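Welcome, and please have your viewer ready with the chain shown as a cartoon. We will go stop by stop, selecting a few residues at a time.

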Amino acid sequence: MTHSHFIIHKPYGYLSQFIYELKRKKKLLGELHDFPKGTMAIGRLDEDSEGLLLLTTDGMMSEIIRSKKVDKEYYVQVDGVINQEAIEQLQKGVEIGFNGTKYITKPCTAKLITEIPAFGARGKKIRDERHGPTSWASITVNEGKFRQVRKMTAAVGFPTLRLVRVRIGSVYLNDLQAGEVQEVDHFL
C-alpha cells in the first residue's frame with residue numbers, strides 16, 4: 001500500500017484535526033487542501049500556535065515521528081526581553097504543571113534569536129508596542145507535553161505571545177506560507 005505524506009504550515013486559528021463535533025464552529029485542516037481519506041496529523045499544534053505540521057496516511061510513520069527520538073524546534077515570541085539566565089534555565093529543565101501534577105521538563109536546546117523571523121503577520125494581532133518590548137527565542141524539545149513550550153517560557157518569567165514550530169527532525173518549515181500544503185515522498 002502506498003501512503004501519502006504532507007508538509008503543512010498550519011495557520012493561527014486552525015485546529016490540528018479534521019473532525020470537530022462540538023457546537024462552536026472551528027477551522028479544520030481539511031479546509032486547506034483536499035487530503036486523501038485516512039490522513040492524520042502527526043502530533044498537534046494548538047489552535048493559537050502556528051507552523052510546521054506533518055500529515056500522513058501511514059500510522060507507523062506517525063508513531064516514529066511522535067517518539068522522543070525526534071526533535072521539534074519552535075520559535076517563540078515572548079513578552080519582554082528574554083535574557084541569557086532564562087535561556088539557561090530552559091536548557092536545564094523547568095518545573096511546569098502537567099495533568100494536575102508538577103513536572104520537570106527534560107533538558108533542551110534553547111537560544112536567543114536576535115533577528116526577528118520573517119513569518120509575516122499572524123491571523124490575529126498579538127499586541128502593539130505600547131505594552132512593552134517582545135523578543136524571540138528558539139526552543140528544541142523531544143518531548144511534547146500539553147502546551148509545554150508555552151508553560152516553559154512562562155516558568156522563566158517570559159510568557160509566550162506567539163509560537164511557531166519550524167522543524168520536526170530533518171523537516172523544516174522553510175518558506176512555506178501559512179495555509180500552504182506540500183505533498184512529499186517521505187519525511188525521514
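Here is a tour that begins with the whole chain and then visits its helices and some single residues.

**Before you start**

This is a predicted model, in which local features need pLDDT of at least 70 and side-chain atom pairs count only at pLDDT 80 or more, while totals for chains, interfaces and linings use all residues. Residues are numbered from 1 along each chain as its sequence is written, and side-chain values use heavy atoms, with hydrogens and water left out.

**Stop 1: the whole chain**

Colour by secondary structure, and you should find three helices and 13 strands. Helices (H or I, at least four residues) and strands (E, at least two) are DSSP runs, numbered from the N terminus. The chain has a radius of gyration of 17 Å, close to the 16 Å that the globule rule gives for 188 residues, so it is as compact as a globular protein of that length. That radius is taken over C-alpha atoms, and the rule is 2.2 Å times the number of residues to the power 0.38.

Rotate the view along the principal axes: the C-alpha atoms fill a box of roughly 50 × 35 × 35 Å. Of the 188 residues, 46% count as buried; buried means under 20% relative accessible area, exposed over 50%, and partly exposed in between (1.4 Å probe, protein chains only). Contacts here mean heavy atoms within 4.5 Å. Among contacts between residues at least 6 apart in sequence, 71% join residues at least 24 apart.

**Stop 2: helix α1**

Select residues 59-66, which form helix α1, and show the side chains of its buried residues M61, S62 and I65. They cover an arc of only 105° around the axis, which puts them on the same side of α1. The arc is that of the directions from the helix axis to the C-beta atoms. What do the buried residues of α1 pack against? Show β1 (5-10), β4 (40-42), β5 (50-56), β6 and β11, and you have their packing partners.

Now zoom in on M61, which lies in helix α1 and counts as buried at 15% relative accessibility. Leaving aside neighbours within four places in sequence, M61 is in contact with H5, I42, T56, F187 and L188.

**Stop 3: E73 in strand β6**

From M61, move on to E73: the two are 12 residues apart in sequence and 19 Å apart in space, C-alpha to C-alpha. E73 lies in strand β6 (residues 72-79). Is E73 buried or exposed? At 9% relative accessibility, this glutamate counts as buried. Select S138, I139, T140, V164, R165, V166 and R167 to see what E73 touches, not counting residues up to four places away in sequence.

**Stop 4: helix α2**

Next, select residues 84-92, helix α2, where A86, I87 and L90 are buried. They cover an arc of only 100° around the axis, which puts them on the same side of α2. Turn to the other side of α2, and E85 and K92 are exposed there. The buried residues of α2 pack against β9 (109-113), β10 (134-141) and α3 (148-155). Just after the helix, G93 takes a positive phi of about 110°.

**Stop 5: a loop with N99**

Go to the loop between β7 and β8 (101-104), where N99 lies. N99 is not a glycine, yet its phi is positive, about 55°. This asparagine is exposed, with a relative accessible area of 69%.

**Stop 6: R147 and helix α3**

In the loop between β10 and α3, pick R147. Its phi is near 55°, a positive value in a residue other than glycine. At 32% relative accessibility, R147 counts as partly exposed.

Continue into α3, whose buried residues are Q148, V149, R150, M152 and T153. These pack against β6, α2, β7 (95-98), β10 and β11. G157 follows α3 and has a positive phi, near 90°.

**Stop 7: V156**

Finish in the loop between α3 and β11 (160-168), where V156 is found. V156 counts as buried, at 9% relative accessibility. Which residues does V156 touch, not counting those up to four places away in sequence? They are A86, Q89, L90 and V94. For a last distance, label P11 as well: its C-alpha atom and that of V156 are separated by 27 Å, with the two residues 145 apart along the chain.
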